[in-house]
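Let's take a friendly walk through the place where a protein holds its ligand. Have the 3D view ready, and turn it as you read.

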Amino acid sequence: GSSGDSSNNSAPAAGASVDPAKVSGTVTWWDTSDAKAEAPTYQKVIEGFQAKYPNVKVKYVNVPFADAQNKIKNAFSTGTDAPDVIRSEVAWTPELASLHYLAPLDGTIALDKADDFLPNPVAATKYEGKTYAVPQVTDTMALFYNKKMFADAGIAKPPATVEELKAAAAQIKAKSGKTGLYLRGDDAYWTLSFLYGEGGDLVDANAKTVSIDNAAGVKAFKTMKDLVDSGAAKTSVTDGWANMMSSFQSGDTAMMINGPWALATVNKGGEAFADKANLGIAVVPAGSGGQGAPQGGHSYAVYAGSKNVSASELFVQYMASAETQATLTKELGVLPTRKSVYAQPDVASIESVKFFKDAIDKAHQRPWIPEGGTLFAPLVTEYTAMLSGKETPEQAAKNTGDAYRKNLGWK
Ligand SMILES: C[C@H]1O[C@H](O[C@H]2[C@H](O)[C@@H](O)[C@@H](O[C@H]3[C@H](O)[C@@H](O)[C@@H](O[C@H]4[C@H](O)[C@@H](O)[C@@H](O)O[C@@H]4CO)O[C@@H]3CO)O[C@@H]2CO)[C@H](O)[C@H](O)[C@@H]1N[C@H]1C[C@@H](CO)[C@H](O)[C@@H](O)[C@@H]1O
């Protein structure tokens, strides 16, 4: 047909508004956000969508993050009871796209005002040159600390290095008998800032080589083990999230490494942080090889087999809009993925946003490849074995490297 043919009835051009009365259907959304701390806010936002698009019915389903990836892959592989839209963790998108489970969104209203998104979250939505997700939130990790415990122990500023962290922990223990750091021991994500701090990485995706068991990797394992053995940190290899949050919120420990998704819980109060001003946030401590924190986050993705693609794309446009992102940030403390939202005065004035915006711009980029998410399961197995004293740091690093070489077929 002739170019510029305006009579075709394909989806309206990206960014176009849609006649609310014309869109109908149901959209089932599997949300992995924290059921207690975050989900109520997402459900409230959905009420706004329903009011605007009365003919679209949204079915909200909260799926715990730990179970979600397998549940999504099972549902998409059979098509039975599959959701129309998912909350895709940044590492899931390339893998699900490689399995042809996701609808490409380029040119659709789901990707409304695409150039307003930050480049790092966008990088995690691409696969073989196409866009398979729309960024929702982005995050990295930081050192959360208890200002009063630091002041009582005579510590003027947060530790900038692992050595300073150990010294601060010793001062806190001497003063209050409390342990300095809570180091989460059941989630491999908590190893990355120590790995990057030694100038190491899990793999080199360009060279297709495994790095986790090189000298920097071994040093990172040793550093984490030493933090626990020296008494500077406490950990547990089960119920890590609950133990970390209750320990930090109760003032049982003075520091934790965590991300902005923890703010919804910390800000709800809880002994030590009834006064929110008592929470300090600083960059994760540097190791002997530098300072770095990982990039995480979540995006909206549409099931390729959805029977409600137009309604799903409209839902994603609304959920990823600047207005919705501003609401989520103000209510939950999570970070926007749209540049324009950081420019809004009532967002820019939020202390944690000011800190994390700078931190996410410097976050260590991960390889956004289908195999990216598979690196954590072997790593957590060896990390917990080391923390439990079943393996030396050297063995843990080597076993992880061998598992990668076996799973990836890389050197
Ligand atoms: C093992 C997993 O490894 C990787 O996951 C990495 C992930 O890639 C990293 O980015 C990082 O994620 C950050 C995240 O970025 C950060 O935002 C936050 O998320 C918050 C939300 O913010 C908060 O709203 C709420 O939702 O709660 C969320 C969670 O708190 O914290 C996350 C870290 O917790 O770390 C993950 C590793 O944990 C794989 O991708 C798989 O997930 C894999 N799991 C499967 C593996 C299958 C085979 O064994 C097993 O059979 C299956 O059953 C398991 O499902």
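Before we sort residues, we need three classes: Ala, Val, Leu, Ile, Met, Phe, Trp, Tyr, Cys and Pro count as nonpolar, Asp, Glu, Lys and Arg as charged, and the others, Gly among them, as polar. With that rule, the shell around the ligand divides into nine nonpolar, eight polar and seven charged residues. Keep in mind that you are looking at a predicted model.

**Around the ligand**

Which residues come nearest to the ligand? Out of the 24 residues around it, they are Thr32, Glu38, Glu89, Asp139 and Asp187. Some parts of the fold supply at least two shell residues each: the helices α2 (65-78) and α16 (376-387), and the strands β3 (85-89) and β14 (296-302). The largest share belongs to α2, with four residues.

Polar contacts also link protein and ligand. The table lists three of them, each to an oxygen atom of the ligand.

| Residue | Protein atom | Distance to a ligand oxygen |
|---|---|---|
| Threonine 32 | backbone N or O | 2.6 Å |
| Tryptophan 92 | side-chain N or O | 3.0 Å |
| Glycine 297 | backbone N or O | 3.2 Å |

How much of the ligand does the protein cover? On its own, the ligand has 930 Å² of accessible area, and the protein covers 80% of this.

**The largest pocket**

Now step back to the space itself. The ligand takes up the largest pocket, which has a volume of about 1,200 Å³. This pocket is lined by 38 residues, and those closest to its centre are Phe65, Ala66, Trp92, Arg184 and Asp187. Two or more lining residues come from each of α2, β3, β6 (134-139), β14 and α16. Here, too, α2 gives the largest share, four residues. Sorted by class, the pocket lining has 17 nonpolar, 11 polar and 10 charged residues.

Two residues are worth finding again in your view. Asp187 is one of the residues that come nearest to the ligand, and Asp187 is also among those closest to the centre of the pocket. Trp92 is another of those central residues, and its side chain has an N or O atom 3.0 Å from a ligand oxygen.

**A closed space**

How many cavities of 30 Å³ or more are there? The count comes to one, and about 50 Å³ of space lies in this largest cavity. Its lining is made of Tyr196, Asp201, Leu202, Arg366, Pro367, Gly372, Leu375 and Phe376. By class, these are five nonpolar, one polar and two charged residues.

How values were computed:
Residues are numbered from 1 along each chain as its sequence is written. This is a predicted model: local features need pLDDT of at least 70, side-chain atom pairs count only at pLDDT 80 or more; totals for chains, interfaces and linings use all residues. Side-chain values use heavy atoms; hydrogens and water are left out. A residue is near a molecule or strand if one of its heavy atoms lies within 4 Å of it. A polar contact is a pair of N or O atoms within 3.5 Å; within protein, one must be able to donate a hydrogen and the other to accept it, and residues adjacent in sequence count only if both atoms are side-chain atoms. Accessible areas come from the Shrake-Rupley method with a 1.4 Å probe; for residues, only the protein chains shown count as cover. On a 1 Å grid over the protein atoms alone, a cavity is a set of points where a 1.4 Å probe fits but cannot get out, and a pocket is an open set with protein on both sides within 12 Å along at least five of seven lines; lining residues have an atom within 4 Å of a point. A molecule sits in a cavity or pocket if more than half of its atoms lie within 2 Å of its grid points. Grid points are joined across faces, edges and corners, and a volume is the space filled by probe spheres set on the points.
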